[in-house]
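Trainee: I have a model open on my screen and I'd like to learn how to read helix packing and the spaces between helices. Can you walk me through it?

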Amino acid sequence: MHPAIEDETELDAAPDPWWLELGTEPSAPVHGCAQPDCDWDEVEASDVYCRTHEVFLGWGPQRPQPLHYMAIGGLRVAIAAGFFFTALLDSMLPVWGVALLCGLAIAALPLRLFRINLRAAALYWTVTAVAGLELWFGVFFARDAMLVWSAFTGLAAWWGLTVLLANSGGGGGAGAVGEDRGAQLVAVTLTAIPPGLAAAFVRPEWRDAFLVVAVGGLTGGLLVAAIIGVLRGGRHLERARPPQIPHLKRPLGMRWRLQFHRSRPGRPAGPIDRIARGVLAFFQVVLAGSAVGGSHTVSALRLLGYGLAVAAVALLNWLVWISVEASRRVLGSIVAAAVVMWAGMRILWATIRRATRVLLLPVVFASSAAMTITWWAEAVRRYFADGDLVNLAWIGGGVAAAAITLTFAWITLSGQPLAISLRSAQHSATIASTKGLLILALFAVALGAPGTLFNTGPIRWGWLTAGVLVLLTIATLIHFAARLKPRPRRRIRRRGRTTPPRPAATSERPDANHVEEEDIEAVSASMDATSARGGSPPRPGTGSRR
């Protein structure tokens, strides 16, 4: 085939559907920063900052443009405005918006090179954050009803994804059995069991109905497996030859013959003799006819018995064959049903693991973070109101908890090896926390200065400002102390030297136990060279000590 035609064929190939790409899609080309000495090989797909220069990679491999700096500046102003209006209006909503943006950055930026995973992470976080805010205020729904319907909605979405994955063979996690269409149908039917059992514990009033759904999924799976087993029954057993009873090849032979002896003809002696001869002749004819008729009757009975024996043997052999064949069909159907049921359960297990990783766990982590930021926003409002140190501790704990849960959310969704994801998360968290601490210090000083110095504004300097400034001061002092500390010189080892080192100017002879290995090798090489020239070797211990 022509190369151009092959390329067109590959381009025309339909891509996998989104439910198969979710959580397993390959990343876009990984890049580093725009610096010429940047080592792109050390950068992972989920890294937010360059590992060589710690530059933000959200703008791509090119240098940041003025619009990029303007966007970052506008985002920082929006964050500062959220804290300011929270203190001014005594409302948690502005700072909740700040938490929503920061959470979106934590959950989505590591997945920027994964198109479908990025959209899924943004969707999970946005929906759960809005649901958490509604659960906190209860404007449209009561809290209990909100929890119940949120659980039902999540289980329904999980069920829908498991149906799609099971219908596609488990997304490749079941191996070769995932290509079996019958096993896929069995797995699709069995997907009703886990959400049915889980929903039965959400609301006790509807427990019986959801248990019926779960049992119906199991029964339906068994029924589908049985039907497929009947259709495939002959594939799993070899054709058997049942035992047959041999029948007679020919009827039984007659080993006797009839012989008739007539009286010698002669002239009768008189009327009485003639009458006697007539009577004897009559009886002889009757007896001969009876004998001939009896022989033919016996022959007919013999043939009839032969036919009946052959028919009986054939009927008995047919009964044996149909019994064996029916047993074979039944056994083959049972084996085929068991095989397709096992394959369907393998597809179901792969489907449940995949759907749990790409939907259930990220939504659970995002929901935890959503509740945490709502509670965190209320703690910020209370801290601005009374400046309590306990609220400040709750603020710090909320930030850490939300960041950790959102990190777990994108790690489970990315599909990368756990070691790579944790390495990226640690690297990004280290740099982001440092920059966040600097921005927090700037915001704290700038927003609290008018209220503290001029008694104008809703924000005052407090425990947060003092703590951040103390941390920055300690970090700066540690940095300068480390820079002022003298560094030990590195010993440079010379390799490939063939002449002994120059003797030291001192008359002290070094201890033989402290002679370095390379000096011994050099002295040995010098001795070999001197012996080759015919000279005397140098005295040991005359080499210089470094």
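Mentor: Sure. Let's begin with handedness: a crossing is left-handed if the near helix is turned anticlockwise from the far one by less than a right angle, and right-handed if clockwise. Keep in mind that this is a predicted model.

Trainee: Then which hand does the crossing of H5 and H10 have?

Mentor: H5 passes H10 in a right-handed crossing. Helix H5 covers 115-137 and helix H10 covers 271-386. Their axes come within 8 Å and cross at roughly 45 degrees.

Trainee: How should I describe that angle in words?

Mentor: Angles under 35 degrees count as roughly parallel and those from 65 to 115 as roughly perpendicular. At roughly 45 degrees, H5 is therefore oblique to H10. As for who takes part, the residues of this contact divide into 16 nonpolar, 4 polar and 1 charged.

Trainee: H5 also packs on H4. At what angle do those two helices pack?

Mentor: About 155 degrees, with the axes of H4 (residues 93-108) and H5 9 Å apart. Anything over 145 counts as roughly antiparallel, so that is what H4 is to H5. The crossing is right-handed here too.

Trainee: Which residues of H4 and H5 meet?

Mentor: On the H4 side, look for Leu93, Trp96, Ala99, Leu100, Gly103, Leu104, Ala107 and Ala108. Facing them from H5 are Leu118, Ala121, Ala122, Trp125, Ala129, Val130, Leu133 and Phe137. By class, this contact has 15 nonpolar, 1 polar and no charged residues.

Trainee: Let's try a pair further along the chain. Where do H12 and H13 touch?

Mentor: H12 runs over residues 418-453 and H13 over residues 463-484. Leu437, Leu438, Leu440, Ala441, Ala444 and Val445 in H12 meet a set in H13: Leu464, Thr465, Val468, Leu469, Leu471 and Leu472. That contact counts 11 nonpolar, 1 polar and no charged residues.

Trainee: And is their crossing left-handed or right-handed?

Mentor: Left-handed, for H12 passing H13. The axes come within 9 Å and cross at roughly 135 degrees, and H12 and H13 are therefore oblique to each other.

Trainee: Now the spaces. How do I tell a cavity from a pocket?

Mentor: In a cavity a probe fits but cannot get out, whereas a pocket is open. A search of the whole structure finds 1 cavity of 30 Å³ or more, and about 70 Å³ of space lies in the largest cavity.

Trainee: What lines the largest cavity?

Mentor: Ala107, Ala121, Tyr124, Trp125, Pro362, Ala366, Leu406, Ala409, Trp410 and Leu413. The elements that give two or more residues are H5, H10 and helix H11 (389-414), and H11 has the largest share with 4 residues. By class, the lining has 10 nonpolar, no polar and no charged residues. You've met Ala107, Ala121 and Trp125 already, in the contact of H4 with H5.

Trainee: And an open space? What is the volume of the second largest pocket?

Mentor: About 1,000 Å³. Of its 36 lining residues, the closest to the centre are Val127, Thr128, Ser150, Gly154 and Val363. H5, helix H6 (143-167) and H10 each give two or more residues to the lining. H6 supplies the largest share, 14 residues.

Trainee: How does that lining divide by class?

Mentor: The lining of the second largest pocket has 27 nonpolar, 7 polar and 2 charged residues. Try picking out the five central ones on your screen, starting from Val127.

Key:
Residues numbered from 1 in each chain as written. Predicted model: local features only at pLDDT ≥ 70, side-chain atom pairs only at ≥ 80, totals over all residues. Heavy atoms only, no water. 1 Å grid on protein atoms, 1.4 Å probe; cavity = no way out; pocket = protein on both sides within 12 Å on 5 of 7 lines; lining within 4 Å. Points joined across faces, edges and corners; volume = space filled by probe spheres on them. Nonpolar A, V, L, I, M, F, W, Y, C, P; charged D, E, K, R; others polar. Axes fitted to C-alpha atoms, helices over the stretch in contact; angles between N-to-C directions. Contact = heavy atoms within 4.5 Å.
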